[in-house]
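Open the structure in your viewer and keep the selection box handy. We'll go from stop to stop, picking something to select each time.

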Amino acid sequence: MKFVIVFVTVFAVVLAAPRSEDAIVLKSESEVGPESFKYSYETSDGVKAEARGLLKNVGSENESLAVQGAYTYVDADGQTISVEYVADENGFQPKGDHLPVAAAA
């Protein structure tokens with residue numbers, strides 16, 4: 001059940017990226033299994049996304065989902081925004097040129 005909840009949450013974040021009402025799906029692939037998933041899609045307005053997830057420590061008290069993915073979209077100013085991320089037991093960890101970076105300790 002945790003797997004489905006996290007998968008739906010991550011998928012919703014990716015779908016929240018701005019996009020045109022007239023976009024056409026150019027590519028859409030997905031595979032969902034009981035302990036893993038992967039998907040990718042691309043639309044005509046420049047949106048691209050891909051992710052893969054794996055259920056770790058299956059059946060144990062420490063069961064968790066580890067997801068790696070990336071998404072790209074064109075913002076309202078015409079700038080291409082790209083984000084790569086990991087989401088696992090350590091939380092959501094995005095990386096992108098437009099994101100602030102914490103100062104070194």
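Which residue in β2 is the bridge partner of Ser-30? Select Ser-30 and look across to β2: the partner is Tyr-39. Before you click on, keep in mind that this is a predicted model.

**Stop 1: the hairpin of β1 and β2**

Now select residues 25-32, which are strand β1, and residues 36-43, which are strand β2. The two run antiparallel, and seven bridges join them. Together β1 and β2 make a hairpin, with three residues between them.

**Stop 2: on to β3**

Leave β2 selected and add residues 48-56, strand β3. Here, too, the strands run antiparallel, with seven bridges joining β2 to β3. For one pair to click on, try Lys-38: its bridge partner in β3 is Arg-52.

β2 and β3 form a hairpin as well, with four residues between the strands. Pick out Gly-46 in this hairpin, and you'll find a positive phi near 95°.

**Stop 3: the whole sheet**

Zoom out and show every strand. You're looking at an open sheet of six strands, in the order β1-β2-β3-β4-β5-β6, with antiparallel pairing. Which strands sit at the edges? They are β1 and β6 (91-95), and each of them pairs on one side only. Ignoring direction, neighbouring strands in this sheet are turned by 10° against each other on average.

**Stop 4: the β6 end**

Select residues 80-88 to get β5, then add β6. Five bridges join this antiparallel pair. Click Asp-88 and you'll see that Gly-91 in β6 stands opposite.

**Stop 5: the nonpolar core**

Time to show some side chains. The largest nonpolar core has 14 residues. To find those with the most contacts inside the core, select Phe-37, Tyr-39, Ala-51, Val-67, Tyr-71 and Tyr-85. You've already met Tyr-39, as the bridge partner of Ser-30. Colour by element next: β2, β3, β4 (64-74) and β5 are the ones that give two or more residues to this core.

**Last stop: the full chain**

Finally, select everything and follow the chain along its sequence. The pattern reads α-β-β-β-β-β-β, which comes to one helix and six strands. How much of the chain counts as buried? The figure is 27% of the 105 residues.

Switch on the surface to finish. The accessible surface comes to about 7300 Å², and 53% of that belongs to carbon and sulfur atoms.

Notes. Residues are numbered from 1 along each chain as its sequence is written. This is a predicted model: local features need pLDDT of at least 70, side-chain atom pairs count only at pLDDT 80 or more; totals for chains, interfaces and linings use all residues. Side-chain values use heavy atoms; hydrogens and water are left out. Two strands pair if DSSP finds at least two bridges between them. Axes are lines fitted to C-alpha atoms, for helices over the stretch in contact, and angles run from 0 to 180 degrees between N-to-C directions. A nonpolar core is a set of buried Ala, Val, Leu, Ile, Met, Phe, Trp, Tyr and Cys residues joined through side-chain atoms within 4.5 Å. Buried means under 20% relative accessible area, exposed over 50%, partly exposed in between (1.4 Å probe, protein chains only). Accessible areas come from the Shrake-Rupley method with a 1.4 Å probe; for residues, only the protein chains shown count as cover.
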